[in-house]
Amino acid sequence: MTGKICGTGSYTPSFTMDNHDIAKLVDTSDEWIQERTGVIRRHIIQEETTVSMACEAGRRALENAKMSADEIDLILVSTISSNVVIPCTACEVQKELGAVNATCFDLSAACTGFVIAYNTALSYITAGIYKNVLVIGSESLSNLTNWKDRGTCILFGDGAGAAVVKACDQKTYIPVTHSDGASGEALKCSSRYDRNGLTKKVIPEEWMDNRYLMQMDGRAVFKFAVKSVPQAVEEVLDKNQIQKDEIVWYILHQANRRIVESVAKRLGESIEKFPMNLQEYGNTSSASIPILLDEMNRSGKLKKGQKIVLAGFGAGLTWGASILEWCL
Ligand code: COA
């Protein structure tokens with residue numbers, strides 16, 4: 001017993017900022033951003049929230065799966081940018097969609113979040129605990145972005161993606177996941193909630209600009225990604241006795257075109273197997289893989305029986321890879 005994806009959905013805000021818009025905020029240029037990252041524009045929330053985007057992506061995934069909300073028995077939302085602390089985003093999604101039979105919780109693993117949420121769904125299904133799981137990645141990273149820092153604000157965007165994972169009798173593929181908390185300083189965003197008034201902590205003025213917004217050592221994260229992702233992919237293929245030529249698509253977290261190209265090169269695989277949409281959305285953290293999966297599903301690129309590798313990496317540090325067989 002394992003799970004198969006039987007529907008996908010996504011939502012991205014209609015408001016966009018291209019690189020020229022960013023160049024009005026910080027000292028940068030369209031040419032620099034495109035050359036170093038591949039990003040051309042990003043979609044940014046206006047009226048939307050992490051919850052509202054998660055709901056819309058989830059609704060679209062259910063429609064695509066031809067399932068009703070009350071058939072879902074688990075909702076998992078991966079997010080680092082929920083606009084509410086409690087209730088969790090997954091419970092808000094349950095309320096909006098009317099998924100009255102679902103158990104709901106959120107999961108925080110940054111840009112590896114969708115891969116880990118997908119693995120969690122499979123684990124529950126394999127254990128016979130749940131049958132139909134709605135897995136969502138939803139992020140409003142614009143709320144955590146330091147719009148005065150050209151080293152980070154060029155990279156991120158907002159959006160949500162979702163997949164319905166259903167129990168089936170297919171072969172189970174064992175995933176690979178890793179974490180390195182000791183290197184977590186490379187990409188961080190500290191607590192917004194340590195001002196309880198009882199500890200009498202004095203918050204330095206400069207923290208208001210930086211500490212509560214994302215801070216990143218770009219070079220360190222880049223090095224980590226180009227080394228750890230190919231290793232995780234090799235490991236997951238090896239563990240499941242799958243050869244590279246059996247893999248049709250490598251769907252990587254969409255952080256940076258140069259990272260994707262480097263991973264392809266290190267694996268000795270054609271870049272054609274690595275679809276990208278980061279030029280349109282930037283890095284949407286745990287939403288990037290399901291948004292890309294949904295676009296590929298709806299454009300007919302994914303065919304029944306194709307073997308696909310999903311690979312995520314990001315803050316924590318965390319990284320991992322999973323293999324799935326497309327069933328739609
Ligand atoms: N526009 C113009 N110049 C910029 C710039 C920008 N937006 N950001 C940095 N620079 C400058 C730096 O100040 C530096 O100038 P200097 O040589 O005069 O000191 C120069 O460009 C090179 O900086 P560096 O940080 O080495 O650039 P880079 O090639 O590493 O690119 C990133 C920076 C952020 C694009 C790159 O490190 C990266 O993509 N890292 C991975 C980030 C990531 O994917 N994070 C999320 C993972 S989930």
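Which residues does Lys301 touch, not counting residues up to four places away in sequence? In this predicted model, Lys301 touches Trp249, Met296 and Gln306. Lys301 itself is found in the loop between helix 10 and strand 12. With a relative accessibility of 45%, Lys301 lies between the 20% and 50% limits, so Lys301 counts as partly exposed. Asn19 gives a point of reference elsewhere in the chain: 282 residues separate Lys301 from Asn19 in sequence, and the C-alpha to C-alpha separation in space is 29 Å.

The loop that holds Lys301 leads on to the two elements at its ends. On one side is helix 10 (residues 288-298), which lies across strand 1, strand 6 and strand 7 and runs at about 90° to strand 1. On the other side is strand 12 (residues 307-314), joined to strand 11 by 5 bridges, with the two strands running parallel. One of the pairings can be named: Ile247 has Lys307 in strand 12 as its bridge partner. Strand 11 covers residues 247-252, and 5 of its 6 residues are buried, so strand 11 is largely enclosed by the rest of the structure.

The strands crossed by helix 10 belong to another part of the description. An open sheet of 5 strands is arranged in the order 1-7-6-4-5, and its pairing is mixed. The edges are taken by strand 1 (2-11) and strand 5 (103-107); each has a single partner strand, so one side of each is left without a neighbour in the sheet. On average, neighbouring strands of this sheet are turned by 20° against each other, direction ignored. Within the sheet, strand 6 (residues 132-140) and strand 7 (residues 158-168) are paired in the antiparallel sense, with 9 bridges. Gly137 stands opposite Gly161 of strand 7. As background, strands of a sheet pair through backbone hydrogen bonds, either parallel or antiparallel.

Helix 3 (residues 50-65) also lies across strand 1, strand 6 and strand 7, at about 125° to strand 1. Besides these strands, helix 3 packs with helix 4 (residues 89-97), the axes being 9 Å apart and the angle about 55°. Helix 3 is therefore oblique to helix 4, and their crossing is right-handed. From helix 3, the residues Thr50, Val51, Ala54, Cys55, Gly58, Arg59 and Leu62 meet Thr89, Glu92, Val93, Glu96 and Leu97 of helix 4. By class, this contact has 6 nonpolar, 3 polar and 3 charged residues.

A further helix pair is formed by helix 7 (residues 218-239) and helix 8 (residues 257-267), whose axes come within 9 Å and cross at roughly 40°. An angle from 35 to 65 degrees falls in the oblique class, and helix 7 and helix 8 are therefore oblique to each other. Their crossing is right-handed. Helix 7 contributes Phe222, Ala225, Val226, Lys227, Val229, Pro230, Val233 and Glu234 to the contact, while helix 8 contributes Arg258, Ile259, Ser262, Val263, Arg266 and Leu267. These residues divide into 9 nonpolar, 1 polar and 4 charged.

Key:
Residues numbered from 1 in each chain as written. Predicted model: local features only at pLDDT ≥ 70, side-chain atom pairs only at ≥ 80, totals over all residues. Heavy atoms only, no water. Buried < 20%, exposed > 50% of the residue type's maximum accessible area, 1.4 Å probe, protein only. Helix = DSSP H or I, 4+ residues; strand = E, 2+ residues; numbered from the N terminus. Pairing = 2+ DSSP bridges. Axes fitted to C-alpha atoms, helices over the stretch in contact; angles between N-to-C directions. Parallel < 35°, antiparallel > 145°, perpendicular 65-115°, else oblique. Left-handed = near helix turned anticlockwise from the far one by under 90°. Contact = heavy atoms within 4.5 Å. Nonpolar A, V, L, I, M, F, W, Y, C, P; charged D, E, K, R; others polar.
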